[in-house]
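This briefing covers a nonpolar core, a pocket, the annotated repeats and some backbone details. Please keep the sequence and the model in view while reading.

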Amino acid sequence: MRRMIASICVAGSLLIAPIQSFAEVNIGGNQQAVVKDGWVFEQNNWHYYVNNVPVSGWQKIQGTWYYFASNGVMKTGWYFDGTNWFYMNSNGGMETGWQKIQGTWYYFASNGVMKTGWYFDGTNWFYMNSNGGMETGWQKVQGTWYYFASNGVMKTDWYFDGTNWFYMNNNGGMEIGWQKIGGTWYYFENNGVWVASNAADYLYTIGENQQLILVTANDYGTNKAKIQTFEKRNNKWYPVYAAMQGYIGRDGFAYTMSEGGKSSPRGKYTIGTAFGRYGNPGTKLPYRQITSNDVWVDDSNSSLYNTWQQNPANGRWSSAENMNIPQYDYGFVINYNTERVAGAGSAIFFHISDMYTYGCTGTSRENVLSVLRWLDPAKSPVIVQTPESELKYY
């Protein structure tokens with residue numbers, strides 16, 4: 001018997017290929033027939049013979065699976081059997097487990113079948129696309145977003161992308177909307193981005209409103225205030241403008257309001273008529289332009305107490321506030337004491353001011369105009385005024 005050994009060079013290394021075997025059989029006289037048995041390299045391909053017959057299909061040879069075409073040629077590279085994909089390495093051996101092929105990771109089961117869809121390795125979940133490639137980064141699978149690290153591992157729990165925070169539930173799905181995590185409520189936009197909670201999110205009296213002006217002071221006794229604007233979208237309050245510097249009554253928020261006092265009311269109020277000494281600046285609120293005869297009645301004994309009227313009084317009131325002043329270039333009525341309880345306070349507005357007021361809420365002209373142009377009566381706007389320590393009551 002004569003044996004020949006063939007070698008092949010793969011990736012710069014010398015690999016010993018299958019042993020090529022021939023047997024010479026005397027068939028009489030001087031003639032000898034060559035019987036092929038085992039590995040044979042012919043016509044630039046490897047074959048495997050048994051008793052001079054080339055094998056085909058799947059064959060397990062010395063513990064390794066190979067696939068041979070119907071013409072006996074050993075398969076290398078990708079092979080599809082009509083149902084599943086397999087990968088045969090450069091020596092023809094069927095691959096299993098994780099394999100990186102042309103820069104992409106694939107997973108092959110112990111029977112060589114390429115995995116698609118979800119794969120669990122006993123510790124972590126991975127997702128292999130329809131071509132078998134391991135997915136990384138953001139992937140939408142059956143309508144749900146998932147995040148896979150660079151090693152393919154599906155992310156659960158909190159995830160930070162360098163700019164925003166996301167939360168992936170125990171099944172890996174990206175959460176949206178309000179979610180209670182570790183006993184704390186968090187809100188995630190429809191794109192999964194976590195939005196930090198703000199003061200408006202914790203108020204419980206504004207469920208029917210979509211716009212909010214929140215006026216707060218550090219405590220009683222201060223006339224400096226912070227004015228914040230919020231709008232609700234998808235059941236979440238979002239800031240509209242940066243917090244504004246503002247002012248309230250000279251003596252701060254009132255414990256109890258009274259006519260002639262220099263304090264501002266606490267509470268939640270609807271928004272009344274917008275006004276100004278000039279034309280409508282672009283507000284959606286009902287707008288009334290002030291004239292030189294316009295006054296606001298502050299006479300507690302008048303039947304017109306806490307209403308907008310025009311001079312002359314003709315005995316209808318003994319005291320009224322002039323509306324035609326620079327502070328009222330633009331503003332709106334805060335609907336305080338709409339029952340017009342005598343002596344409970346009157347003429348409470350949101351208007352232009354660069355200092356404390358005598359009961360109104362004031363801020364810069366630019367801020368007043370921004371708020372007026374934003375307010376939309378269709379969104380049930382309200383204004384809440386309170387010391388910060390009493391936000392819990394709203």
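The largest nonpolar core (buried Ala, Val, Leu, Ile, Met, Phe, Trp, Tyr and Cys residues joined through side-chain atoms within 4.5 Å) has 30 residues, and those with the most contacts inside it are Ile213, Val215, Phe332, Phe350, Val371, Leu375 and Ile383. This is a predicted model, in which local features need pLDDT of at least 70 and side-chain atom pairs count only at pLDDT 80 or more, while totals for chains, interfaces and linings use all residues. Residues are numbered from 1 along each chain as its sequence is written, and side-chain values use heavy atoms, with hydrogens and water left out.

**Nonpolar cores**
- Among the elements that give two or more residues to the largest core are strand 22 (211-217), strand 31 (330-334) and helix 1 (365-374), where helices (H or I, at least four residues) and strands (E, at least two) are DSSP runs numbered from the N terminus.
- Helix 1 supplies the largest share of this core, 5 residues.
- Apart from the largest core lies another, of 11 residues, among them Leu214, Phe230, Val382 and Tyr394.
- Leaving aside residues up to four places away in sequence, Phe350 touches residues including Ile213, Phe275, Phe332, Val371 and Ile383, a contact being heavy atoms within 4.5 Å.

**Annotated repeats**
- An unreviewed UniProt entry places the feature "repeat: Cell wall-binding" at residues 55-74, 75-94, 95-114, 115-134, 135-154, 155-174 and 175-194; such annotations may be inferred rather than shown by experiment.
- Residues 95-114 are 0% helix and 50% strand, with the end C-alpha atoms 9 Å apart, and residues 155-174 are 0% helix and 40% strand, with the end C-alpha atoms 9 Å apart.
- Ile181, found in strand 19 (residues 177-181), counts as buried because its relative accessibility is 12%, where buried means under 20% relative accessible area, exposed over 50% and partly exposed in between (1.4 Å probe, protein chains only).
- Not counting residues up to four places away in sequence, Ile181 touches Trp158, Tyr167, Tyr186 and Phe188.

**Backbone details**
- Most residues other than glycine have a negative phi, and most peptide bonds are trans.
- A cis peptide bond, with omega about 5°, joins Asn311 and Pro312, and Pro312 lies in the loop between strand 29 (308-310) and strand 30 (320-322).
- Gln142, which is not a glycine, has a positive phi of about 50°; Gln142 sits in the loop between strand 15 (137-141) and strand 16 (144-148) and counts as exposed at 79% relative accessibility.
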